[in-house]
2 protein chains.
Amino acid sequence: MSQKKLRIRCWIELDDSKFFGPGRAELLELIVVHGSVSKASKAMGMSYKKAWEMVNDLNNRSPEAFVVLQKGGQKGGSAMLTDFGRMFLKKYRELDEKIKSIATEGEHLLDRL
Amino acid sequence: MSQKKLRIRCWIELDDSKFFGPGRAELLELIVVHGSVSKASKAMGMSYKKAWEMVNDLNNRSPEAFVVLQKGGQKGGSAMLTDFGRMFLKKYRELDEKIKSIATEGEHLLDRL
DNA sequence: AAGCGATATGTATATTTGGAAATATCGCTT
DNA sequence: AAGCGATATTTCCAAATATACATATCGCTT
């Protein structure tokens, strides 16, 4: 048998460049848990810079911000999702689930890989 | 209005690395039309090397080849899809359509971008 | 057997990406 | 009001990627 690991994933493109996909979804989830971009990036083994650029890109290219960032303060700073960010993340996960179910029902394109 | 171009796309991962997505789908379609990797790559503004590496990767990592390549001969060489390659491409396009319809039915996650 | 057209492969260069480290920020503590 | 701590933000340089270009290969045609 092939024993190959197969996955179907989706992402959203905005003006012909990637805007939202599995990586950003995971990052946002970890920001919810940890309350900072720094901790979230460490938790997923990503460099802080890359994580910060993702957050920055989400906020800049969307008409509504995904994440509110605060620097300084008692704990040095913080990050939390906006209502819009949480809503978007939830809907993306729902879509992801639907796609997974489509891909596994009946005979499909992965059967012979 | 936002006037932003929005798309939702999917790709297939095999053993944690990308295997098939929109780029390779388009390349295969152009190979069907033109009958060579060279012309197909030019038609989509991609370097020949990159296109060749895509075809090579598809053939190597799949148990069944996607493309049959011939070098030399009357026209210097040629490329054509296998039955498997055509079948896979067709099913991928069907999946793409289903995902698109899911993402656009009713209120969805793209509404506020 | 020489030439042709396209594949197949390698090399050098430009471009993009990525990480490490330095810097700026700000409420709290003292 | 000066220092601290944890984070956000920027700078700089290494490393991975991609592109352009050059070369080798092959089988048919003539």
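This is a walk through a predicted model, taking the contact between two protein chains and then the surface beside a DNA strand. Local features are described at pLDDT of at least 70 and side-chain atom pairs count only at pLDDT 80 or more, while totals for chains, interfaces and linings use all residues, and side-chain values use heavy atoms, without hydrogens and water. Residues are numbered from 1 along each chain as its sequence is written, with chains lettered from A and ligands numbered from 1 in the order in which they are written.

Let us begin where the two chains meet. Here 35 residues of chain A are in contact with 36 residues of chain B, contact meaning heavy atoms within 4.5 Å. Between them about 3500 Å² is buried, and carbon and sulfur atoms give 63% of that; buried area is the accessible area (1.4 Å probe) that two parts lose on being put together, summed over both. On the chain A side, A:W11, A:L109 and A:R112 lose the most area to chain B, together 20% of what that side buries.

Charge appears at this interface too. Chains A and B share eight salt bridges, each a side-chain nitrogen of Lys or Arg within 4 Å of a carboxyl oxygen of Asp or Glu. One of them links A:R9 with B:E13, whose closest N and O atoms are 4.0 Å apart. On chain A, the elements giving two or more residues to this side are β1 (6–14), β2 (17–20) and α4 (83–104); helices (H or I, at least four residues) and strands (E, at least two) are DSSP runs, numbered from the N terminus.

Now follow β1(A) across to its partner. Nine bridges join this strand to β1 (residues 6–14) of chain B, and the two run antiparallel; strands pair if DSSP finds at least two bridges between them. Within this pairing, A:R7 has B:E13 as its bridge partner.

Turn next to DNA strand D. It has 23 residues around it, of which A:K39, A:Y48, A:W52, A:L69 and A:G76 come nearest; a residue is near if one of its heavy atoms lies within 4 Å. Of the strand D atoms within 4 Å of the protein, 66% belong to sugar or phosphate and the rest to bases. For A:W52, an N or O atom in the side chain is 2.6 Å from a phosphate oxygen, while a polar backbone atom of A:S38 is 3.3 Å from a phosphate oxygen. At A:G73, a backbone N or O atom lies 3.2 Å from a base nitrogen of strand D.

Terms used. Polar contact = N/O pair within 3.5 Å; in protein donor to acceptor, adjacent residues only side chain to side chain.
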